[in-house]
There are 2 protein chains.
Amino acid sequence: MSLKKIVAQIKNHDNFLVSSHVNMEGDALGSELAFSRLIKLLGKNAVIVNEDKLPYGYGFLPGVNTIKKYKDNLKGVKFDCFVVLDCSDIKRTGEVYRMNNEGKPVLNIDHHISNTKFGTFNWIDPYVSSACEMVYQLYKKMRVKLDKEAALCLYAGIVTDTGSFRYSNTTSTTHEAAAELLNFGIDVVGVYKNIYGNLPFNELQLVAHVLGEMKRRNNGRVIWFEAPASLLKKYKARYIDLTDHVMNFGRAIEGAEVVVLFKENLGVKNEVRVNFRSQGSIDVNAIAQSLGGGGHRTASGCTIHGKLSDVRRQVMKQIDKALEKLS
Amino acid sequence: MSLKKIVAQIKNHDNFLVSSHVNMEGDALGSELAFSRLIKLLGKNAVIVNEDKLPYGYGFLPGVNTIKKYKDNLKGVKFDCFVVLDCSDIKRTGEVYRMNNEGKPVLNIDHHISNTKFGTFNWIDPYVSSACEMVYQLYKKMRVKLDKEAALCLYAGIVTDTGSFRYSNTTSTTHEAAAELLNFGIDVVGVYKNIYGNLPFNELQLVAHVLGEMKRRNNGRVIWFEAPASLLKKYKARYIDLTDHVMNFGRAIEGAEVVVLFKENLGVKNEVRVNFRSQGSIDVNAIAQSLGGGGHRTASGCTIHGKLSDVRRQVMKQIDKALEKLS
């Protein structure tokens with residue numbers, strides 16, 4: 001039982017370094033914060049260190065102001081256990097994993113099927129909706145009473161990773177967790193509004209623009225969107241994560257099996273972030289992995305160096321191949 | 001206890017006529033079907049009669065092919081009790097209420113705060129997410145065992161009326177219900193895909209077009225969208241219900257308190273359907289009621305006769321007045 005071993009390790013240590021992946025979203029942040037809260041409720045110490053700065057929309061999560069950045073002065077940070085959450089590969093922590101140069105035990109808690117089992121102890125469960133749902137299970141297993149702070153962080157992570165209970169990772173157990181978490185007086189609309197509902201008008205105009213130029217190929221089995229750097233600059237996009245908006249739109253189209261977003265990374269020349277969503281027939285984790293990325297069977301991503309149009313051609317080749325195998 | 005009285009009436013009768021409102025959506029259909037299923041599981045008879053035809057996307061709900069239309073030959077339909085679900089006013093059944101010309105008892109089961117209490121027995125609970133959640137409670141109260149058919153209908157109604165557990169009507173109890181319903185082996189993605197995810201490419205292009213022309217007024221407190229008949233014709237819109245797409249988009253904008261969609265009804269000259277969503281500060285049920293419509297505090301609608309631009313002016317006046325009272 002990997003969960004049992006994780007529990008034993010938590011009991012055996014006192015000072016925890018906690019981290020997650022770069023390009024953080026709700027589940028990464030929520031699981032870090034709720035895990036650290038658990039450690040504190042046990043009377044122990046936890047410090048969260050991340051490579052990236054806090055993403056837009058998550059400032060409302062209790063505890064975010066205690067999160068340290070890898071670039072901060074971290075000399076005072078002592079730990080005897082390194083906990084990595086929601087992270088398929090240790091390198092996805094950015095540089096943070098370098099802090100463990102003394103080789104303290106690594107607890108790897110994750111729900112990505114592509115997880116490389118990099119931990120000293122690995123608790124990987126691809127059948128759980130989110131890392132937050134795993135941390136929720138940890139509270140139960142360790143009989144630590146949840147409080148409102150923890151509940152809010154867990155709920156936020158579950159909501160973001162399940163697309164608000166719409167994705168295939170949503171189970172009866174996910175709803176049971178949500179039912180308990182809402183009892184702590186969580187403002188459902190407030191959470192959603194904080195994360196998704198505080199975008200400047202111009203950034204939503206950008207979304208509309210990207211949606212308006214939606215394209216299809218392979219008899220409509222592939223829907224794709226493109227966000228060139230020029231467009232991101234035109235609309236002065238600073239906060240928005242286009243992915244959810246665009247993917248949910250593409251998914252709504254009859255016959256669409258794969259939805260792809262190509263986004264030029266601002267500030268880095270010829271670097272394209274590619275995000276994939278699948279309706280289930282195509283394994284987009286395999287496609288992303290073949291291109292140096294990873295994720296889940298139905299949601300994945302990778303970063304490719306090259307010109308936008310070249311990257312698109314390269315990616316489409318992989319998708320066409322995968323679709324061909326199906327039919 | 002109004003629920004108790006409803007239970008007593010169900011026990012006392014054998015043949016039920018079941019209906020809901022015009023412009024049906026998931027909760028109307030789901031609650032009709034799950035209620036009729038309950039009646040059948042009790043060994044009694046139920047016939048569903050609706051004014052409108054089945055909306056797009058709901059053909060997958062078990063039992064839909066037994067639903068009759070008011071225009072069908074209904075001579076054989078005998079009933080001793082008339083059950084109206086998810087319907088704020090008896091007139092919102094269209095012409096269906098005329099079938100009750102012998103004055104059989106009317107059971108009014110609804111969660112709209114604007115309900116006119118038109119029933120012989122009224123069970124109105126504006127604190128419940130959906131009529132489907134009320135019917136779920138009815139199964140519990142009457143100790144009728146749910147089956148997969150009922151579970152699927154109830155789940156579909158809850159999902160659509162809560163915007164997939166995102167709206168303020170979502171409670172811990174809603175998630176508890178969902179947790180139980182999913183145990184019947186419901187395909188979460190399939191439900192969502194059926195209802196929202198089978199739209200033709202051109203209809204989503206229409207959505208993108210409408211989104212692209214989003215406007216704001218009153219210092220960005222009002223976001224509005226317009227779908228003139230010409231646009232609906234240009235994109236050959238047949239199936240789409242623009243409302244959800246457009247509203248969720250508008251809601252995501254910083255500072256937006258009210259989102260409004262003006263849509264010209266096809267086939268009727270100078271008739272505009274107006275839909276409202278509020279973030280909570282403004283009571284859009286009051287606004288819609290003052291214009292001859294109704295709904296909930298945060299989601300409502302009305303139909304106004306007049307030219308699109310005139311209707312818009314008329315509606316904006318009401319919204320400005322409501323916002324003025326606030327500040």
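How many residues of chain A are in contact with residues of chain B? There are 37 of them, and they touch 37 residues of chain B; two residues are in contact if their C-beta atoms, placed from the backbone, lie within 7 Å.

This is a predicted model: local features need pLDDT of at least 70, side-chain atom pairs count only at pLDDT 80 or more, and totals for chains, interfaces and linings use all residues. Residues are numbered from 1 along each chain as its sequence is written, with chains lettered from A and ligands numbered from 1 in the order in which they are written.

A turn of 180° with a shift of 0.0 Å along the axis lays chain A on chain B with an RMSD of 0.0 Å (a least-squares fit on the C-alpha atoms of residues with pLDDT of at least 70 in both). That is how a two-fold axis relates its copies. A:H175 is the residue of chain A that comes closest to the axis, at 2.6 Å for its C-alpha.

A:H175 also sits in α5(A), among the residues that meet α5(B). Helices here are DSSP runs (H or I, at least four residues), numbered from the N terminus. The two α5 axes come within 8 Å and cross at roughly 165°, the axes being lines fitted to C-alpha atoms over the stretch in contact, with angles from 0 to 180 degrees between N-to-C directions. That makes the pair roughly antiparallel (over 145 degrees).

Here are some of the helices that each supply at least two residues to the side of chain A that touches chain B:

| Helix of chain A | Residues |
|---|---|
| α6 | 188–196 |
| α7 | 201–212 |
| α9 | 242–251 |

Key. Angles under 35 degrees count as roughly parallel, over 145 as roughly antiparallel, 65 to 115 as roughly perpendicular and the rest as oblique.
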